[in-house]
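Work through the exercises below with the sequence and the structure at hand. Each task is followed by a solution in steps.

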Amino acid sequence: MLSGVLPPDLPGTLSVSVPGVLEHRPDEVLPLASVGKLLLLAEVAHGLTGTGPAGDRLDAAEPVELLGEDHCGGSGLLTRLSVRRPTIADLAVLTAAVSDNTATNALIRRVGLSRVNKRAEALGLVRTRVLDRIREPRLPGHPTTFAVGTAAELSALAERIAADERWARLLLGWMAGCGDRAMVPAFIPHDAEDAEVRDVPCPSLWVANKTGTDEGVRCDVGVVRGARQVCYAVLARCAPGDEFEMVRAMRAVGAQIAAAAS
């Protein structure tokens, strides 16, 4: 279905699921990099809105002491700030907006990995899972990657997030503040600073998304709203050094999404 959209000699694997618009190898299991953080944020959103079991409820104002094991290089700001006891809400915003690895690890420690994957299962995800906390570097004795999943399952998750449930609206708001619009949304005309959840955007399109970046991995999952709502998941894997060619293909998919949503 992507004939004429993508170059024929793409140097890697591209998996695309845009329900009702585009599908290309949507069921292939691929590494997700930080897109896997969506599963964590889904569980945190359920806990904060009281839509999970009573024993799993979370308080947005609860401070979480940062431990040495939480600290991690790579994306984020928390290791550069003086705060040492951010709230659960702060950690969620940092995880969504700047993909903060230290904030992610603190949240995973607070809620537990098994709880994150139990929520993923409850949301209908079968092959999409978080396997570990964030590690920089990832050594031979560690799980090979942070998270894995399929574009088909992640686009379905995006549709759930775009639904008008309390937990979903909270998570969608976090995603609206994402600071990375360089992949799929790059060719979608929108205001990248518009972090207010909008049902009928005007005059441009509206985007909420979460990206993932690792060596040889580029991933993007999101919601686009215009005259029509379009949810998407685009996952790319390639040899190190070929990432930009994969990003160009992801942007071409974004142009098709923009046309569908306009």
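**Exercise 1. Which residues form a nonpolar patch on the surface, and what is their accessible area together?**

Solution. The structure is a predicted model.
- Step 1: the members of the patch are L77, L81, V83 and V98.
- Step 2: together they have about 260 Å² of accessible area.
- Step 3: take L77 as an example; this residue is found in the loop between α1 (37–49) and α2 (88–98). Its relative accessible area is 36%, so L77 is partly exposed.

**Exercise 2. Which residues touch the most other members of the largest nonpolar core?**

Solution.
- Step 1: the core holds 58 residues. Those that touch the most other members are V44, L154, L157, W167, L171 and W174.
- Step 2: among the elements, α1 gives the most to this core, namely eight residues.
- Step 3: look at W174. With residues up to four places away in sequence not counted, W174 touches L41, V44, A45, L48, A92, V93 and A96.
- Step 4: another core lies apart from this one and has 28 residues, including L14, L22, V207 and M246.
- Step 5: a general remark fits here: in soluble globular proteins, nonpolar side chains tend to be buried together.

**Exercise 3. Which residues of helix α6 are buried, and against which elements do they pack?**

Solution.
- Step 1: helix α6 spans residues 166–176, and its buried residues are W167, A168, L171, L172, W174, M175 and A176.
- Step 2: these buried residues pack against three helices, α1, α2 and α5 (151–161), and against the strands β6 (206–214) and β7 (217–225).

**Exercise 4. Why is strand β8 described as largely enclosed, and which strands pair with it?**

Solution.
- Step 1: strand β8 covers residues 229–238, and eight of its 10 residues are buried, so the rest of the structure largely encloses it.
- Step 2: strand β1 (residues 12–18) pairs with β8 in the antiparallel sense over six bridges. One pair to find is L14 with its bridge partner A236 in β8.
- Step 3: β7 also runs antiparallel to β8, and nine bridges join the two. Here D220 stands opposite V234 in β8.
- Step 4: β7 and β8 form a hairpin, with three residues between them.

**Exercise 5. Is E243 buried or exposed, and which residues does it touch?**

Solution.
- Step 1: E243 is in helix α7 (residues 243–261).
- Step 2: its relative accessible area is 13%; buried means under 20%, so E243 is buried.
- Step 3: leaving out residues up to four places away in sequence, E243 touches D214, E215, G216, R218 and C238.
- Step 4: for G216, the separation from E243 is 27 residues in sequence and 6.0 Å in space, C-alpha to C-alpha.

**Exercise 6. In what order do three strands form an open sheet, and which strands stand at the edges?**

Solution.
- Step 1: the order is β3-β5-β4, with antiparallel pairing.
- Step 2: β3 (30–31) and β4 (129–130) each have a single partner strand, so they stand at the edges, and one side of each has no neighbour in the sheet.
- Step 3: β4 pairs with strand β5 (residues 147–149) over two bridges. The bridge partner of V130 in β5 is A147.

**Exercise 7. Which residues does H46 contact, and which residues of helix α4 are buried?**

Solution.
- Step 1: H46 lies in helix α1 and is buried, with a relative accessible area of 4%.
- Step 2: beyond its neighbours within four places in sequence, H46 is in contact with T51, G52, R119, L123 and W167.
- Step 3: in helix α4 (residues 113–122), R115, V116, N117, R119 and A120 are buried. The buried residues of α4 pack against α1, α3 (101–111) and β4.
- Step 4: just after α4, G124 takes a positive phi of about 95 degrees.

**Exercise 8. How far apart are N and O in the salt bridge between R85 and E65?**

Solution.
- Step 1: the N to O distance is 2.9 Å.
- Step 2: R85 and E65 are 20 residues apart, both in the loop between α1 and α2.
- Step 3: R85 is partly exposed at a relative accessible area of 48%, and E65 is partly exposed at 40%.
- Step 4: for D164 and R169, the closest N and O atoms of the salt bridge are 3.7 Å apart. D164 is exposed, at 67%, whereas R169 is partly exposed, at 33%.
- Step 5: E43, D56, R115 and R119 are joined into one network by salt bridges that share partners.

Methods. Residues are numbered from 1 along each chain as its sequence is written. This is a predicted model: local features need pLDDT of at least 70, side-chain atom pairs count only at pLDDT 80 or more; totals for chains, interfaces and linings use all residues. Side-chain values use heavy atoms; hydrogens and water are left out. Patches are made of residues with over 30% relative accessible area and no salt bridge: like charges are joined within 9 Å, nonpolar side chains (Val, Leu, Ile, Met, Phe, Trp, Tyr) within 5 Å. Accessible areas come from the Shrake-Rupley method with a 1.4 Å probe; for residues, only the protein chains shown count as cover. A salt bridge is a side-chain nitrogen of Lys or Arg within 4 Å of a carboxyl oxygen of Asp or Glu. Helices (H or I, at least four residues) and strands (E, at least two) are DSSP runs, numbered from the N terminus. Buried means under 20% relative accessible area, exposed over 50%, partly exposed in between (1.4 Å probe, protein chains only). A nonpolar core is a set of buried Ala, Val, Leu, Ile, Met, Phe, Trp, Tyr and Cys residues joined through side-chain atoms within 4.5 Å. Contact means heavy atoms within 4.5 Å. Two strands pair if DSSP finds at least two bridges between them.
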